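Work through the three exercises below with the sequence and the 3D structure at hand. Each task is followed by a solution in steps.

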Amino acid sequence: MKPQGEVLLLTPGPTPIHPRALAAMQWPMRGHMDPDVFAYNDGIVEDLKKLYGAPQDAFASLLSGTGSLGMEAGLANLLEPGERLLVANNGVFGRRMVEMGQRLGADVRSVDAELGKPIDPAAVAHAIDAFQPHVVAVVHGETSTGVINPVEAIADVVRASGALFSVDAVTTVGMMPFSMDELGIDYAYTGSQKCLSAPPGLAPVVYSRRAMEKVASRTTPVATWYADAVGMQAYWDPGQPRSYHHTIPVQLHWATGEAIKAALEEGLETRAERVRHLASAILDTLAPEGFAPFIPAEWRLPTVLAVTLPPGLDDAAMRKQMREQHNISVTGGLGPTAGRIWRLGLMGETAHREHYRRFMDVLGGMLGSPGLVERFEAAYDEAVATPA
Ligand code: PLP
């Protein structure tokens, strides 16, 4: 049965589809080897380099799969069996990298931080000295808790060691300035449905030249044929004769390409400001109701705002009522934080004032607390008037 009506997604992904991406889904179909597709993909490659702040000699492409394929592809390409992988792990997605590395036959160690705390760069430096990893992998913004890891400081210690540096930018790239070049990042990825607000199904990924040199010099084949970067290059790289690799999902390419253009045209600084204003307005509005930030401001991930719930609030019942009676989807905690927090998404098209105004209106009604909308509007205006 066809789903009826719109549901407002205030989740940490997927996000509402950008109108320009939605329109592009209706563009005419082309074959994956069609010149129009190659020309469009060439534009995507250039735009991805801007989005990721990547040098011109980086290799950018879209993988046909979600963000997890982006994660797995990087590890599979950059590590040969038995090589050492150090994962900075403070949540669900760090643990996923550990598991992927183990399945790929790498020798994996992790530097862990407590739930809701960022990774300590000094602990990474210490682990690098002891373990001499070939690859260090970190999640920039840990979606499961709403923590941003200090990627700049971690980058300094990884660069000094000579290891390759892989960054999960799923909750950050596209919503804030990002520079692979300045930080010396060798591999970064996201998912199309997160900060870009395209439909799920593609993983925009970028390899540095150093990373591609590593792939080219491997003595064992990449464990996954599908995401072998050298195989992909033959399809994506305009400098090579175009050859078939796999049948790319053309409509998703149109949609994601347009979503990337929309993000770049809006500007990454402007998008980051949009997120800052909203987060500040949401926290100020909710504080008198007993909601509090789960993560201190210094290491709070801007795009996934985790708030603790007031005592006695029935998390599951509230979110069910929001979805069923008001067509708003809100996400709770994961594992140990289930029932204790909500994770309010501020990525891409979710991060608009009118969406959270509607949320405040509904929440105020459910809590029997009038005035949330007025408070939200005033707090938003104040946030806009306050310099970052
Ligand atoms: N990494 C992070 C930080 C994520 O938040 C997610 C998804 O939420 C993923 C990786 C995996 O992405 P996907 O669900 O698109 O496979």
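In E9, Tyr 189 is the bridge partner of Asp 168. The model is predicted, so local features need pLDDT of at least 70, side-chain atom pairs count only at pLDDT 80 or more, and totals for chains, interfaces and linings use all residues. Residues are numbered from 1 along each chain as its sequence is written, and side-chain values use heavy atoms, with hydrogens and water left out.

**Exercise 1.** Find which strands stand at the edges of the sheet.

Solution. Helices (H or I, at least four residues) and strands (E, at least two) are DSSP runs, numbered from the N terminus; two strands pair if DSSP finds at least two bridges between them. Step one: write the strand order of the open sheet, E2-E10-E9-E8-E5-E3-E4, with mixed pairing. Step two: E2 (59-64) and E4 (107-112) each have a single partner strand, so one side of each lacks a neighbour in the sheet. Step three: check a pair inside the order; three bridges join E8 (residues 164-168) to E9 (residues 187-189), and the two run parallel.

**Exercise 2.** Compare the expected and actual span of helix H10 (residues 250-266).

Solution. The expected span is 1.5 Å times one less than the number of residues. For the 17 residues of H10 this gives 24 Å, and the end C-alpha atoms are 24 Å apart, which agrees. Just after H10, Gly 267 has a positive phi of about 100 degrees.

**Exercise 3.** Decide whether H10 is largely enclosed or not.

Solution. Buried means under 20% relative accessible area, exposed over 50%, partly exposed in between (1.4 Å probe, protein chains only). Twelve of the 17 residues are buried, so H10 is largely enclosed by the rest of the structure; Trp 254 and Glu 258 are among them.
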